[in-house]
Amino acid sequence: MNEAGRFEVYDEHEGQGGHGGEDPYEKGERESGAANASRGADGMSSGNGDDRHPTPESGPDLPPRIPLPRASVEDTGRPLPDLRAQDLAAPAPPPSAPLVLEHRVLKALLGAWALAACSPEETAAVEEHLGDCGACADEARRLREAVGLLHPAESLDLDPSLRTRVLAGCLERRPPRIPVPEWATPYDAETARLDALLQDFGDAEWHAPVRLRWFEKDEPTSRRTTVAGVIAHLLTVDGLVAIALGLKDPMGDVAADRPTPSARTEAYWRASHYPPTRAVRAPWREQSHDLVRTVSFTGGGTGKLSVPYGDFELPLHDAMLDRAFECWVHAEDIAEAVDYPYEPPSGGDLHQMVDLAARMLPTVLSARRRVGLAAPSPGPHRHLVPAGEPGRSLRLEIEGSGGGEWLIPLDSPGAVGSADHEVAHIALDGGEFCRLAAGHVSPTEAAAGQVGDREAIRDVLFAAASLSRM
Amino acid sequence: MAKKDAPPRWDRKMQQRLARGEAAALGEFYDRFASLVHGLAHTVLGDERAADHLTRDVFAHVWEHPDTYDPKQGPLRSWVAALTHRLAVQRLRATETAALVQAGGQGSTEELERKVRHASVAARADYIVQSMPVPLRAALELAYFQRRDYRQTAVDLGVTEDEARRRLRLGLQLLSTAHDAGAAPGAPPGYGGAV
């Protein structure tokens, strides 16, 4: 039984004492000519005690609020009642004759009356009745008081940082037996933040256009979608981690040509007949909760587990950081599309994300060098620095909350960054670095303080931009 | 919006996971109930920071004592609401008493009790509105917030005028139970399984 049904019992129970056959109000209505007059000549029976149509009916094509019942009669095109005759019959003709309704009808009107949602005639009739009927007067008072309890819902935009603080407070009081690994907490926090942003979205927001932007072959690229399309994108790409963990692939039966983030997303978008709707939120959120839960159980020993992205692989903990980063970047895309403010991640989380990018740079640099996109190593260290040896390095200084310094080995992913071999230094704000790595700002325009080897700086900035993808 | 369709199974599993000490479960629990807890706390305490503090207390209480919830007694949601209500009223009483002492006899305990009662009713009312069947809430929203009369409400909802009147009355009847305090000890009315 549905819940509304359950309350019906309450109503019937309430009404039991109300409409006996000897109900004086019912009787009064039957005998009242004035009631007939005010109902007009719309052919409604008023004497059968049927309370289904106790009041003037407004046709569906009429203006909704009808100040005087007569107006509706005129608009229906039916014959007007003989008003003059009835006016003559009434002792003191009021502008509109008072409604006289039976008790049952008046009682059913109490809710609407308490909310001031009746016609003036009905309001007058109810109020007249309240003077005579103790039971209705009691209920009327109760319902009026209840109206006083209504107030506009305050926008309950919880401070997103409250989640982090509340959870930290709990875990301090009772240390968890199964903690969320440190490398999964940024994903946990970012998905929660994005979900909170989506909380109050209506259809207009869900279908607001969003342009995804990234760098491909060192050129800015973009793809148009909607807010719901972005969530679908996150769902399908997070799905790569889900698959690696043995969870269900959110793509279901949809087959992608290649297991890459963009191929999966495009296939998912193509497969639905309609553009994605808000319905995509629940599976996305459920999957993100499942991922956090599952990685908690895999414990610290995840060295072997890696997540294939099609063209490359990432160890599980890096994949979770990557997904946290993507979640934040796309949350910003969404926030921008609907003109909401959106804060950067907490300092600790941002630091982990920057660290991932900094750790990926040497590999990306060497791959770019192989295809001629980065300058070959100059000087005596022309060839690969032996693994584990210090090599030519660029100092990456990230300012602001979550910042820090990283020494990026330039000539080999196996080399160790070294202050003694520092050839260049770039300094930029954490948010700016992330926008660069997200492909939202061009490497030539990134606001970065630069000192030293210009070629090395250019290579690193372009390599950072090439980390971006759809 | 309330996730009313959550099966009791979810409640049971959540309790087990919390008892097991699974931090991920705590996060999920927060995601589901934080706005409920914070909203009620804010209604009772009338202050953002106090509501933040109480939210922390409620979640800490649940995390430290997950066994105090008995799934047989009703939905987790109602239990969380009742717990929040109890702690918030406790907090309000404590801060108001302290203020009373500090004011040195200005104001009376009677006033204090009235204030506590008022806050308590307001919190129950908010919970009732959030938890009532969607058709009733939709009718109240149209009639009260959008100032539609019941005929317009009927048209907007695609129901008969009779049904619109019925929903408005039922909605207010439900809401009026917010005033019925002290029916069941430990479980403030309005947080029962009925709503």
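The exercises below work through a predicted model with chains A and B.

Residues are numbered from 1 along each chain as its sequence is written, and chains are lettered from A and ligands numbered from 1 in the order in which they are written. Local features need pLDDT of at least 70 and side-chain atom pairs count only at pLDDT 80 or more, while totals for chains, interfaces and linings use all residues.

**Exercise 1. Describe the fold of chain B.**

Step 1. Chain B has eight helices and zero strands; helices (H or I, at least four residues) and strands (E, at least two) are DSSP runs, numbered from the N terminus.

Step 2. Buried residues make up 48% of the 195 residues in chain B. A residue is buried if 20 or more other C-beta atoms lie within 10 Å of its own, exposed if 12 or fewer, and partly exposed in between, with C-beta atoms placed from the backbone.

Step 3. Of the contacts in chain B with a separation of 6 or more, 66% are between residues 24 or more positions apart. Two residues are in contact if their C-beta atoms, placed from the backbone, lie within 7 Å.

Step 4. An unreviewed UniProt entry places the feature "domain: RNA polymerase sigma-70 region" at residues 29-94 of chain B; UniProt positions follow the numbering used here, feature names are shortened, and annotations may be inferred rather than shown by experiment. That span is 80% helix and 0% strand, and its end C-alpha atoms lie 28 Å apart.

**Exercise 2. Characterise the side of chain B that touches chain A.**

Step 1. Contacts join 52 residues of chain B to 50 residues of chain A.

Step 2. Six helices of chain B each supply at least two residues of this side: helix 2 (23-45), helix 3 (48-64), helix 5 (109-131), helix 6 (134-145), helix 7 (150-157) and helix 8 (161-176). The largest share, twelve residues, comes from helix 8 of chain B.

Step 3. By class, this side of chain B has 26 nonpolar, twelve polar and 14 charged residues. Ala, Val, Leu, Ile, Met, Phe, Trp, Tyr, Cys and Pro count as nonpolar, Asp, Glu, Lys and Arg as charged, and the others, Gly among them, as polar.

**Exercise 3. Give the strand order of the open sheet in chain A and the helices that pack on strand 7 of chain A.**

Step 1. Four strands of chain A form the open sheet, in the order 6-5-7-8 and with mixed pairing; two strands pair if DSSP finds at least two bridges between them.

Step 2. Strand 6 (404-409) and strand 8 (449-452) of chain A are at the edges, so one side of each has no neighbour in the sheet.

Step 3. Strand 7 (residues 416-429) and strand 8 of chain A pair in the antiparallel sense over four bridges. In strand 8 of chain A, A:G449 is the bridge partner of A:A427.

Step 4. Helix 18 (residues 430-437) of chain A lies across strand 5 (390-399) and strand 7 of chain A, at about 95° to strand 7 of chain A. Helix 19 (residues 454-465) of chain A touches strand 5, strand 6, strand 7 and strand 8 of chain A, and its direction makes about 65° with that of strand 7 of chain A. Axes are lines fitted to C-alpha atoms, for helices over the stretch in contact, and angles run from 0 to 180 degrees between N-to-C directions.

**Exercise 4. Place A:D218 and state its exposure.**

Step 1. A:D218 lies in the loop between strand 1 (209-216) and strand 2 (219-226) of chain A.

Step 2. Phi of A:D218 is near 65°, a positive value in a residue other than glycine.

Step 3. A:D218 counts as exposed because it has 12 C-beta neighbours inside 10 Å.
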